[in-house]
Structure formats: C-alpha cells, structure tokens
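Here is a short set of exercises to work through with the model open beside you. Try each task before reading its solution.

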Amino acid sequence: MKWSQFFTSAVGRKFVMALTGLFLISFLIVHVGLNATIFNDLRYFDEQDNGSMFNRAAHFMGNSLIIRIMELGLFAGIILHIVQGYAIEMKNRSRRGTGYQVSLGNRGSKWYSRSMALLGTLILLFLIVHVAHFWVPSRITHDMESAVYHNNGVEVHNLFLKMYEVFQQEWVVILYLLGVGSLAFHLFHGFHSAFRSLGVNNKKYLALLRSLGYGFTIIVSILFALMPIAMYFDWVQP
C-alpha cells in the first residue's frame, strides 16, 4: 500500500487521528502546567506575585525558537486531527445507512463516544475564540500592555493582566467552561481510544489506560476550569 493510500484508508486515518491526538494531549500537559502558574498569586503562595511567574514563563515560550517551531507543528497537528476526524465521521455515516429500529443508547457505547465529531466541533469553535483572545494579541498585533521585572529588566507582555480583563466578562467565562466541558468528554473517549488505534488490545492495559485517561482528564479539566473562575471572582488578580 502506498503512503497516499494509507492516509486515506480507514486504518490510516485512525492511525493519524491517534498520533495527532496524543501529540495534542502532550500539548495540553505543557499548556495547563504553564497556565497554572497564575495560581502562584494566591495568598497561600505569593500574593505579591501579580502574575510575574506566569508572564515570564509565557515570555520564554513566546521567544524560544524551538517553541515557535513546535507551535507551527501544533497548528498543523490540530488541522490534521480535525480533517481526519471529519473524514472518519463522514465515512461512518455513509456506512451506517439506516439505523437500528431500537437504539441501544449507552448499552452499546457512551453518548460522548458517539458524539466525538460534535464535541470536536465545539472545541474548534472554542479554540477560535481562545486564539483571538490571547494568541493574536500576543503574537500578531502585540496589542497588549507590558510589564518589566527588576530581577532581569526584560520587558514582557502582561498576559496575566490580559487574562484578567478577558475573564471579567461573564459570557466569556461561561463559554470557556463549556469549552472545557467539551474537551473533557472528548478526552474521556479519545485518550484510551488513541492507544487502541495504535494497536494496544490487551484488556489489562486498556483498563489501565482508561483509568489513566479519566484521571488525566479530570485533573486537566479542573485546572483549566478554575482559571477563568479564579479570575472572575478575583481570587487571582493583578
């Protein structure tokens, strides 16, 4: 089989979905870890931080050549994941034809495993808003206030202040929570499903991966959800 045929076959598409999915999961680990530094401003840690740790970390990520190259890979991975996901969904729909007379519901599969395309679409819409809120002002227009920290004297974007301003809008907080919810259900199925697509069939390992996926999803989702909530209620503020 040629490579072009492989990537358009059912097996090839699932393989690409699995690889890009795991790549995006690795990005989530980095992204949630970096963003979680906003909580250093809590009084339990350093209430005089005022976003210093977060802004310096974001500045490093935005000015590292390796990270910028990986950023291009990230966008490519997202696009490829979306394209292959829709291709698989369209192929599945064309094969189904008429449905069962009696729906199996959750007895056959969980609702979120049957709604991956819908959840993926909601995540895509959320990503567009997220990129417009933060990536474009930081990377393209540079329409953002600056901050200078005495320990190194380097001027950085005050992304912490930008986050606070964005999350003072109630509709934005609700939108982000809906986006995080969609991501959570997408990951509940997608995490262990990616390993199955790569050939893991052992029931013991699959059970372990499913549990690991649930734990990962819950931790990441809670952290992402707490960020807009903490800023909206002024638990974390400039």
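Two residues are in contact when heavy atoms lie within 4.5 Å. Helices (H or I, at least four residues) and strands (E, at least two) are DSSP runs, numbered from the N terminus. The structure is a predicted model, where local features need pLDDT of at least 70, side-chain atom pairs count only at pLDDT 80 or more, and totals for chains, interfaces and linings use all residues. Residues are numbered from 1 along each chain as its sequence is written, and side-chain values use heavy atoms, with hydrogens and water left out.

**Exercise 1. Get an overview of the chain.**

Task: state how many helices and strands the chain has, and in which pattern they follow each other.

Solution. Start with the count: there are 8 helices and 2 strands. Next, read along the sequence, which gives α-α-α-α-α-β-β-α-α-α. Then turn to burial, where buried means under 20% relative accessible area, exposed over 50%, and partly exposed in between (1.4 Å probe, protein chains only). Of the 238 residues in the chain, 37% are buried. Finally, look at the contacts with a separation of 6 or more: 71% of them join residues 24 or more positions apart.

**Exercise 2. Describe the packing of α5 and α6.**

Task: find the angle between α5 and helix α6 (residues 159-166), and list the residues that meet.

Solution. Two packed helices are described by the angle between their axes and the distance between the axes. The axes are lines fitted to C-alpha atoms, for helices over the stretch in contact, and angles run from 0 to 180 degrees between N-to-C directions.

- Geometry: α5 and α6 pack at about 150°, with axes 11 Å apart.
- Class: angles under 35 degrees count as roughly parallel, over 145 as roughly antiparallel, 65 to 115 as roughly perpendicular and the rest as oblique. This angle therefore makes α5 roughly antiparallel to α6.
- Hand: a crossing is left-handed if the near helix is turned anticlockwise from the far one by less than a right angle, and right-handed if clockwise. The crossing of α5 and α6 is right-handed.
- Residues: α5 brings His-133, Phe-134 and Pro-137, which meet Leu-159, Lys-162, Met-163 and Val-166 of α6.
- Composition: Ala, Val, Leu, Ile, Met, Phe, Trp, Tyr, Cys and Pro count as nonpolar, Asp, Glu, Lys and Arg as charged, and the others, Gly among them, as polar. The contact has 5 nonpolar, 1 polar and 1 charged residues.

**Exercise 3. Analyse two partners of α7.**

Task: work out how α5 and α2 each pack against α7.

Solution. Begin with α5 (residues 116-141) and α7 (residues 170-197), whose axes are 9 Å apart at an angle of about 135°. That angle makes α5 oblique to α7, and the crossing is left-handed. On the α5 side the contact includes Met-116, Leu-119 and Gly-120, and on the α7 side it includes Val-172, Leu-175 and Tyr-176. The contact divides into 12 nonpolar, 8 polar and no charged residues.

Now take helix α2 (residues 10-35): its axis and that of α7 come within 9 Å and cross at roughly 125°. These two helices are therefore oblique to each other, and α2 passes α7 in a left-handed crossing. Lys-14, Ala-18, Leu-22, Ile-25 and Leu-28 of α2 touch α7 residues, among them Leu-183, Leu-187 and Phe-191. By class, this contact has 9 nonpolar, 1 polar and 1 charged residues.

**Exercise 4. Look at single residues in α7.**

Task: is His-192 buried or exposed?

Solution. His-192 is in helix α7. Its relative accessibility is 7%, so His-192 counts as buried. Leaving aside neighbours within four places in sequence, His-192 touches Leu-206, Leu-209 and Arg-210. For comparison, Phe-185, also placed in α7, is partly exposed at 30% relative accessibility.

**Exercise 5. Sort the aromatic pairs.**

Task: classify the pairs that Phe-233 forms with Tyr-232 and with Trp-235.

Solution. Rings of Phe, Tyr and Trp (its six-membered ring) pair if their centres lie within 6.5 Å; planes under 30 degrees apart count as stacked, over 60 as edge-to-face and the rest as tilted. The whole structure holds 10 aromatic pairs. Tyr-232 and Phe-233 are 5.1 Å centre to centre with 85° between the planes, an edge-to-face pair. Phe-233 and Trp-235 have centres 5.7 Å apart and planes at 20°, so this pair is stacked. Elsewhere, Phe-126, Phe-134, Phe-167 and Tyr-176 form one aromatic cluster.
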